[in-house]
Amino acid sequence: MSRIVLASASPRRKELLEQVGIEFEICPARGEEKITQTAADAVVLELSKQKAEEVASGILAYQNQHRELSTPQDILVIGADTVVSCAGRILGKPKDDEDAKDMLTQLAGRTHSVYTGVTLVFMDKAGRIGEHSFYEKTDVDMYPMSEEEIARYVAGGEPVDKAGSYAIQGQCAVYIRGIKGDYNNVVGLPVARLYQEIKKLGIDIYNF
């Protein structure tokens, strides 16, 4: 018996894992995000590591406290975090509508990069623990957007809880001129790279 745990409440990541037929459960990390890095790739690795380790630690603590209720099993925890980088500035989720408008004004008519960091924490039945992290980068080129278009898009509510204040898979698709790299990475999880990285660890995620 084994478990795959997604340490994220993101509906996009949930949908992407379901899309590729992976069976998993959701246990979102609740801790406060602490950023000490400045480069986008280092930031997403740091945040994904925090999420995966927090959830893995919680699972271990529960098992240790309730040994009579726990059956030894292999567990794979997947933590992920996404940010947008434009002209040296890292853009996370908008604080409010004005923040979203500011971000979109920066992105409109330019090329930016989307980084997703992923950390895998593996715990086997014997209690051994391993960890592996990686990140994926995708460049996104956007058409110019007028103030009216930005205001209309923000008023629709889609930028809420989206890195960079937009959803490439949503209404913002009409402003995407092109991308270089993994489309799913922009949505929130590079599932192809995820599969390859897990396979490198000797794990068959479909027979876990």
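**View 1. A salt bridge within helix 2 joins the side chains of Glu53 and Lys49, 3.0 Å from N to O.** A salt bridge here is a side-chain nitrogen of Lys or Arg within 4 Å of a carboxyl oxygen of Asp or Glu. The model is predicted, so local features need pLDDT of at least 70 and side-chain atom pairs count only at pLDDT 80 or more, whereas totals for chains, interfaces and linings use all residues. Residues are numbered from 1 along each chain as its sequence is written, and side-chain values use heavy atoms, with hydrogens and water left out. Glu53 and Lys49 are four residues apart in helix 2, about one turn of the helix, where helices (H or I, at least four residues) and strands (E, at least two) are DSSP runs numbered from the N terminus. Glu53 is partly exposed at 33% relative accessibility, and Lys49 is partly exposed at 34%; buried means under 20% relative accessible area, exposed over 50%, and partly exposed in between, with a 1.4 Å probe and protein chains only.

**View 2. Glu33 and Lys51 form a salt bridge, with their closest N and O atoms 3.8 Å apart.** Because Glu33 lies in the loop between strand 2 (25-26) and helix 2 (40-65) while Lys51 belongs to helix 2, the pair ties together parts that are 18 residues apart in sequence. Glu33 is partly exposed, having a relative accessible area of 44%, whereas Lys51 counts as buried at 15%.

**View 3. In helix 3 (residues 97-107), Lys101 and Glu98 are three residues apart, a separation of about one helical turn.** Their salt bridge has its closest N and O atoms 3.5 Å apart. Lys101 is partly exposed, with a relative accessible area of 28%, and Glu98 counts as exposed at 53%. Elsewhere, Glu136, Arg193, Glu197 and Lys200 are joined into one network by salt bridges that share partners; a search of the whole structure finds 19 salt bridges.

**View 4. Asp161 and Ser165 have positive phi values, near 60° for Asp161 and near 70° for Ser165.** Most residues other than glycine have a negative phi. Asp161 is placed in the loop between helix 4 (147-155) and strand 7 (176-180), and Ser165 also lies in the loop between helix 4 and strand 7. Asp161 is partly exposed, with a relative accessible area of 33%, whereas Ser165 is buried, with a relative accessible area of 0%.
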